[in-house]
Amino acid sequence: MNIIFAGTPEFARVALERLLAAGFRVPLVLTQPDRPAGRGMKLQASPVKQLALERHIAVAQPRSLRLDGKYPADAAAARAAIEAAQADVMVVAAYGLILPQWVLDAMGSAPKLGCLNIHASLLPRWRGAAPIHRAIEAGDAQTGVTIMQMDAGLDTGDMLLAERLPIDPDDTTGGLHDRLSLLGGRLIVEALEMAACGGLQAQPQPAEGVTYAHKIEKAEAAIDWTQPARTLVRRVRAFNPFPGAATALAGEAIKVWAARVDDAATAGQPGEVLAADVDGIRVATGEGALVLTELQRAGGKRLAAADFLRGFPLAAGQVLDAAPPTKAAG
């Protein structure tokens, strides 16, 4: 079976690697254009492109796939590459570009299998860009991966295969992402093997239970100390590793990478430091207290609370800012 693979980040790279290991032929990879990254802001290839180049797979990096959009030449070149690949199916995983109707039509004409998406949630819950973050932020007990037949809607296509995965109480987006990427890689291989023998059955998504995982914005990083501690600890986990929950003291940015809830009664105002010792920095919130256990100053390293306090002493009575810091740490 010949596959066109469309994806960009590490989540997608894992799926591509599993497909290649399973013996599927991938004549073409679509991925986002190289982006500046790192301290030097040098152009860097996506994880998917890096793997494709290692395996000598042709790579296309259109800025858009819309033939009537801002980059029609990019779209036309991509169309020619897709047609030349003569693939049986397109597998899409966190690609980052919307597939216009001409792509769906080109890959959906018989006997082709269309465009299959690896989505990191149990659809129809958490359609959209940030399903892993939003599941943790909402306090979901489980998530999973859905292999979906793509249509013109936003993650609205028929479900082909799905598997659940529990969300552990201490899961961060980074850790859960890694587990879901492995699950997604396994499921897409299973789905294509089932499709090859006619055993893949499509089911419409339920009309009830639809939620949308909106894109994560950097402004969401700011800790609002008037919120309950249980809400804040989920946001700390959800925003690790990006964008990182953030607060500030006297104008200096501090990122909070790990925390736990202390339900004991608090007498301080939201954001007030109640205690700071080797066990963590206990901060009053709108309900309960949040104990900060891993922190980072701007330009510094992530440190356990005890090590952080050696270079940034805090005392009871100091108040952490609720407003977003002007400069993020790290």
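Which residues in α1 meet which residues in α2? In this predicted model, the α1 side of the contact is made by E10, A12, R13, L16 and E17, and these residues meet P47, V48 and L51 in α2. By residue class, the contact of α1 with α2 divides into 5 nonpolar and 3 charged residues, with no polar ones.

The two helices, α1 (residues 10-21) and α2 (residues 47-54), pack with their axes 7 Å apart and at an angle of about 30°. Because angles under 35 degrees count as roughly parallel, α1 is described as roughly parallel to α2.

The strands form an open sheet of 7 members with mixed pairing, in the order β5-β2-β1-β6-β7-β9-β10. At its edges stand β5 (58-60) and β10 (159-166), each of which pairs on one side only, and neighbouring strands of the sheet are turned by 20° against each other on average, direction ignored. Strand β9 (residues 142-149) pairs with β10 in the antiparallel sense over 7 bridges, and G144 stands opposite R164 in β10.

A further helix, α3 (residues 72-85), lies across β1 (2-7), β2 (25-30) and β6 (89-93), and its direction is at about 175° to β2. The two angles given for helices are set out below.

| Elements | Angle |
|---|---|
| α1 and α2 | about 30° |
| α3 and β2 | about 175° |

Turning to the rings, the count of aromatic pairs comes to 1. In addition, R302 lies over the face of W257, at 3.5 Å from the ring centre.

Definitions and conventions. Residues are numbered from 1 along each chain as its sequence is written. This is a predicted model: local features need pLDDT of at least 70, side-chain atom pairs count only at pLDDT 80 or more; totals for chains, interfaces and linings use all residues. Side-chain values use heavy atoms; hydrogens and water are left out. Two strands pair if DSSP finds at least two bridges between them. Helices (H or I, at least four residues) and strands (E, at least two) are DSSP runs, numbered from the N terminus. Axes are lines fitted to C-alpha atoms, for helices over the stretch in contact, and angles run from 0 to 180 degrees between N-to-C directions. Contact means heavy atoms within 4.5 Å. Rings of Phe, Tyr and Trp (its six-membered ring) pair if their centres lie within 6.5 Å; planes under 30 degrees apart count as stacked, over 60 as edge-to-face and the rest as tilted. A charge sits over a ring if NZ of Lys or CZ of Arg is within 6 Å of the ring centre and within 35 degrees of the ring normal. Angles under 35 degrees count as roughly parallel, over 145 as roughly antiparallel, 65 to 115 as roughly perpendicular and the rest as oblique. Ala, Val, Leu, Ile, Met, Phe, Trp, Tyr, Cys and Pro count as nonpolar, Asp, Glu, Lys and Arg as charged, and the others, Gly among them, as polar.
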